[in-house]
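Ready for a few exercises at the keyboard? Open the coordinates in your viewer, try each task yourself, and then compare your steps with the worked solution.

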Amino acid sequence: MQNSNKKIPYPEEIEIDQEISTILTEGMDSRANFWSFLLTMYRQLGFRIIFRDFTEIIYTIILSIVVVTGLLMSLGDLLIWNDWNVYTIIFTFSPVTYLLFAYFFFIFQKQKPTYEVEMVCKYNLYQLAAFRMLTFSIVSMLVNSVFIIGLMMDQSIHFGYAFLLSSSSLFLFAVILLYVQLYVFSRLVKLLLAIGWLLGNILASIFSEGLYLIILQQIPLYIYGMIVIGSFVVYLKGLKKLLFASQRERMS
Amino acid sequence: MLVIENVSKQYGNFQALNSIQLEFQNGIYGLLAPNGAGKTTLIKMIATLMFPTKGEILYNGTNIVALDDKYRDVLGYLPQHFGYYKNYSPEKYLFYLAALKGLDKSTAKQRINELLTLVGLEDVTRKKMKKFSGGMIQRVGIAQEMLNDPKVLILDEPTAGLDPKERARFRKILTSLARDRIIILSTHIVSDVESIANQIIMIKEKKVLYQDTVAHISNQLKGMLFETEVSLAEEDQFRDNYQIIGERQEQEKLIFRFVAEQRLEEAWQEVIPTLEDVFLHVYEDDQTLAGSMK
C-alpha cells in the first residue's frame, strides 16, 4: 500500500519519443528479408529508377553479344574450331556478359560525381547495386542459354550439362568478382581478375588439355548442380551484405 | 537533437579531428574555419559518408549508425561538389532523387514544384542541366536536399561559385527553412553565416574552439581592436609589433585595423569587433592548415 503513494514522474514528450524510437530500432527489423526488401524496393522505385541507365545497358548487351560472337569466331579461325572442346568454350566465356555488366554498371563508384548525393538517400547505391547485380546475373544466365542453343545448331551438345556448366562458371566468377567489388575498389583489380579468368582457362585448356577436360567433363552432373546452388547461395549472401549491412559495416 | 559525442577522426597517422563535442537544436549553425581545418570531415561524418575513429554521433539519443536508413530519411545533404547528370533536367533529377528518398510520385511532384519555385528555377524545370550556370546548379542542389523535408540539413561550402546576388538569395532561402530543423552550414566565408547563423562553431587545431552566438564570439576581441593611421615610414615597425587584421591606404597614410592588449596611444580608435575580425585573429597563426594565411 505504501508503494501506491509513491509518485513516479511522468516522462517528458521528448523522452517518450526517444524511448519509442529506441524500442523500435532495437526490437524490429523493418527491413524484413532479402526477397521482400527487393520487392518493396522495386515497387517503390520502379524499373526506371533502378535502371536509370537502361539504354546504356541495352547497348552493352548488344555489344557483349557481338564481342562474344566475334571472339568465338576469331578463336575458331586461329585455333581450329574443331580442336576445341565446346564445353571448354562454354565454361571460359560464360561470365563475359556478367563481367561487362558488373564492370560498367556496378554503380557503386566513389568517383562518380553523384556518389555523395545518392549515398545519403533512403535507398542508397548499395541497395540499388544489390538489386542490379542480381538482375544482371539472371540476364547473363539467359544470354548464356541463348548462346548454348545457338551452339547446339552446329555442335552436338547436351543442353542440361552445358547449362549447368555455364551457370557454375557464371556464379563462381560472380562470387569472386562481387567480393572484389565489396572490398577492393580498384577497377584495375577487376580487370586483372577478368583477364586472369579468361587467360587462365584458355592456357589451362591448351597446356593441360587432358587434366582440364577430365575436371570439366568427368565431374558428374549433380556435382555441377551443387556448385551452381552453392555459388548462387554465396552470391546471394554477398548481395545480402550489400543490402542490409549498416553503412559503417559496408564502408569498413 | 543532434549530438556529436567526443568524436575523433584519424586517417592513418594523421589526426583530422580530436574529441569534438557539439550539440545542435533547431536553428542555423555556421561551421566556420579555413580550408583544411577538418570541416568537410566533420560534415561527412554527420552525413554518414564517413565514420568516427572514436566517439559517436547521436540523433535524438540514438547512434546514427544504428539508425541507418531511418536517419537518412530525415537527412538532407548538399556536398561541396554537387554532382548531377548533365543530360537530366532539374525536374527529372529531382524525381529520381525523390524516389531514392522514398517519396511516392504524387508527393514528389508537388514537392518538386514547390522547391523549384522556392529556388527560382520554375521557368527551367525541363531544360537540361548541362546548360545551367554554377549558381543554377547550386540551386538545384538546395532543392534536392529539401525533397524529404529533412530535420537535419547539412550544407558543405554551399556558396562556392555563387555571385553576391545569389549568395544573398541563398541566405534568404536558408533563413526561411530554419524554423523547424537543424541546419549546419560549413563555410570559410564569414559573410555567409554572420547574419543568419544562430550559433557559430569554430574549429582550431582539430578541436572545437567556440560554439557560441556571433555576438559572444565577436566580443572575444572587445577592447582589443583598434584602428589608427600610420605613416609609410613607420609601417614595417608597426607590422612587427601588432597583429594586423585589415588595412587600407588613404593618400600618404595607411590605416591599420589591428589587435593590441590595450590602448597605448591617444590616436588609436577602439572599434567594435566583427566575426570576421575574430576569424582573422584566431586563424592568423594556424600553421597546421592547408591554406594558412601566413
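The exercises below work through a predicted model, going from the interface to salt bridges and then to strands.

**Exercise 1. The interface between the chains**

Task: Work out how many residues each chain gives to the contact and how much area chain A and chain B bury between them.

Solution:
- Step 1. Listing the residues in contact gives 30 from chain A and 35 from chain B.
- Step 2. The size of an interface is often given as the accessible area lost when the parts come together.
- Step 3. For chain A and chain B this comes to about 3,000 Å², with 58% of it on carbon and sulfur atoms.
- Step 4. Turning to polar terms, 11 residue pairs are in polar contact between chain A and chain B, with both residues at pLDDT 80 or more.
- Step 5. On the side of chain A that touches chain B, the elements giving two or more residues are helix 1 (13-27), helix 2 (34-45), helix 7 (115-119), helix 8 (125-152) and helix 13 (247-251) of chain A.
- Step 6. Sorted by type, the residues on that side of chain A are 11 nonpolar, 11 polar and eight charged.

**Exercise 2. A salt bridge across the interface**

Task: Find which residues form the salt bridge between chain A and chain B, and decide whether A:E116 is buried or exposed.

Solution:
- Step 1. Applying the rule across the interface of chain A and chain B returns one salt bridge.
- Step 2. The partners are B:K44 and A:E116, whose closest N and O atoms are 2.7 Å apart; the cut-off is 4 Å.
- Step 3. The pair runs between chains, from helix 7 of chain A, where A:E116 sits, to helix 1 (residues 39-46) of chain B, which holds B:K44.
- Step 4. The cut-off for buried is under 20% relative accessible area. A:E116 has 17% relative accessibility, so it counts as buried.
- Step 5. B:K44 is buried too, because its relative accessible area is 18%.

**Exercise 3. Salt bridges within a chain**

Task: Over all chains, how many salt bridges does a search of the whole structure find? Then examine the pair A:D53 and A:R132, and the pair B:E227 and B:R257.

Solution:
- Step 1. The search of the whole structure gives 17 salt bridges over all chains.
- Step 2. One of the pairs is A:D53 with A:R132, the closest N and O atoms being 2.9 Å apart.
- Step 3. A:D53 lies in the loop between helix 3 (47-50) and helix 4 of chain A, while A:R132 belongs to helix 8 of chain A, so this pair ties together parts 79 residues apart in sequence.
- Step 4. A:D53 is buried at a relative accessible area of 6%, and A:R132 counts as buried at 1% relative accessibility.
- Step 5. For contrast, take A:V66 in helix 4 (residues 54-79) of chain A. A:V66 has 53% relative accessibility, so it counts as exposed. Its C-alpha is 22 Å from that of A:R132, with their positions 66 residues apart in sequence.
- Step 6. In chain B, the side chains of B:E227 and B:R257 meet in a salt bridge of 2.9 Å, N to O.
- Step 7. B:E227 is in strand 11 of chain B and B:R257 in strand 13 (residues 253-259) of chain B, 30 residues apart.
- Step 8. B:E227 counts as buried at 17% relative accessibility, and B:R257 counts as buried at 18%.

**Exercise 4. Strands of chain B**

Task: Determine which strands pair with strand 9 of chain B and in which sense, then give the order of the open sheet of four strands.

Solution:
- Step 1. Chain B has 11 helices and 14 strands.
- Step 2. Strand 9 (residues 199-204) of chain B is mostly covered, with five of its six residues buried.
- Step 3. Strand 3 (residues 27-32) of chain B pairs with strand 9 of chain B in the parallel sense over four bridges; B:Y29 has B:Q199 as its bridge partner.
- Step 4. Strand 10 (residues 207-212) of chain B runs antiparallel to strand 9 of chain B, joined by five bridges, and B:I203 partners B:V208.
- Step 5. Strand 9 and strand 10 of chain B form a hairpin with two residues between them, and B:E205 in the turn has a positive phi of about 50°.
- Step 6. The open sheet of four strands in chain B has the order 12-13-11-14, with antiparallel pairing. Its edge strands are strand 12 (243-250) and strand 14 (269-270) of chain B, each pairing on one side only.
- Step 7. Strand 11 (residues 225-231) of chain B is joined to strand 14 of chain B by two bridges, and B:F226 stands opposite B:E270.

Methods
Residues are numbered from 1 along each chain as its sequence is written. Chains are lettered from A and ligands numbered from 1 in the order in which they are written. This is a predicted model: local features need pLDDT of at least 70, side-chain atom pairs count only at pLDDT 80 or more; totals for chains, interfaces and linings use all residues. Side-chain values use heavy atoms; hydrogens and water are left out. Contact means heavy atoms within 4.5 Å. Buried area is the accessible area (1.4 Å probe) that two parts lose on being put together, summed over both. A polar contact is a pair of N or O atoms within 3.5 Å; within protein, one must be able to donate a hydrogen and the other to accept it, and residues adjacent in sequence count only if both atoms are side-chain atoms. Ala, Val, Leu, Ile, Met, Phe, Trp, Tyr, Cys and Pro count as nonpolar, Asp, Glu, Lys and Arg as charged, and the others, Gly among them, as polar. Buried means under 20% relative accessible area, exposed over 50%, partly exposed in between (1.4 Å probe, protein chains only). Two strands pair if DSSP finds at least two bridges between them.
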